[in-house]
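Student: I would like a careful, close look at a single part of this model, with its geometry, its buried residues and its packing partners taken together. Please work through it in one connected account.

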Amino acid sequence: MHAVWFMLVALAVLRERNPGLYAVRVEDLRLQLELRALGDSYRAAVDAKDASKAAAVESQIAAKVRSQVDIDLKARALELVALDEQ
């Protein structure tokens, strides 16, 4: 619970100080939640022995992972710029 509270406070501060980085971090969190849901769907398909569904979900996971890595790199770049400006 404390980690969630800290994250929400950090995002609120970030929204005020660096709206661009805030938007990227919110997108990162959204992608993480989507990946978690896709992981659950994948496990359910594997448990149900539905190979075609598992393959379709696996493809979605791969695309989301690529997006998540891209957004994480973008966030890190923005963080480095912000540090450099300070």
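Tutor: A residue is called buried when its relative accessible area is under 20%, and that cut-off is needed below. The model is a predicted one, and the part I take up is helix H2, which covers residues 19-47. At 1.5 Å a residue, its 29 residues should span 42 Å, and because the C-alpha atoms at its ends are 42 Å apart, the expected and modelled lengths agree. Buried along H2 are Leu 21, Val 24, Arg 25, Asp 28, Leu 31, Leu 35, Leu 38, Gly 39 and Ala 45, and these buried residues pack against helix H1 (2-17) and helix H3 (51-85).

Part of that packing belongs to the largest nonpolar core, whose six residues are Leu 14, Leu 21, Val 24, Leu 31, Ile 71 and Ala 75. H2 and H3 each supply at least two residues of this core, with the largest share, three residues, coming from H2. Within it, Leu 21 is in contact with Leu 14 and Ala 75, and Leu 21 also contacts Leu 78 and Glu 79, when neighbours within four places in sequence are left aside.

A further contact of H2 involves Ala 54, a residue of helix H3, which counts as buried because its relative accessibility is 8%. Ala 54 touches Tyr 42, Ala 45 and Val 46, not counting residues up to four places away in sequence, and the C-alpha atoms of Ala 54 and Tyr 42 are separated by 5.3 Å although these residues lie 12 residues apart along the chain. After H2 comes Lys 49, with a positive phi near 60 degrees.

Conventions: Residues numbered from 1 in each chain as written. Predicted model: local features only at pLDDT ≥ 70, side-chain atom pairs only at ≥ 80, totals over all residues. Heavy atoms only, no water. Helix = DSSP H or I, 4+ residues; strand = E, 2+ residues; numbered from the N terminus. Expected span 1.5 Å × (residues − 1). Buried < 20%, exposed > 50% of the residue type's maximum accessible area, 1.4 Å probe, protein only. Contact = heavy atoms within 4.5 Å. Core = buried A, V, L, I, M, F, W, Y, C linked by side-chain atoms within 4.5 Å.
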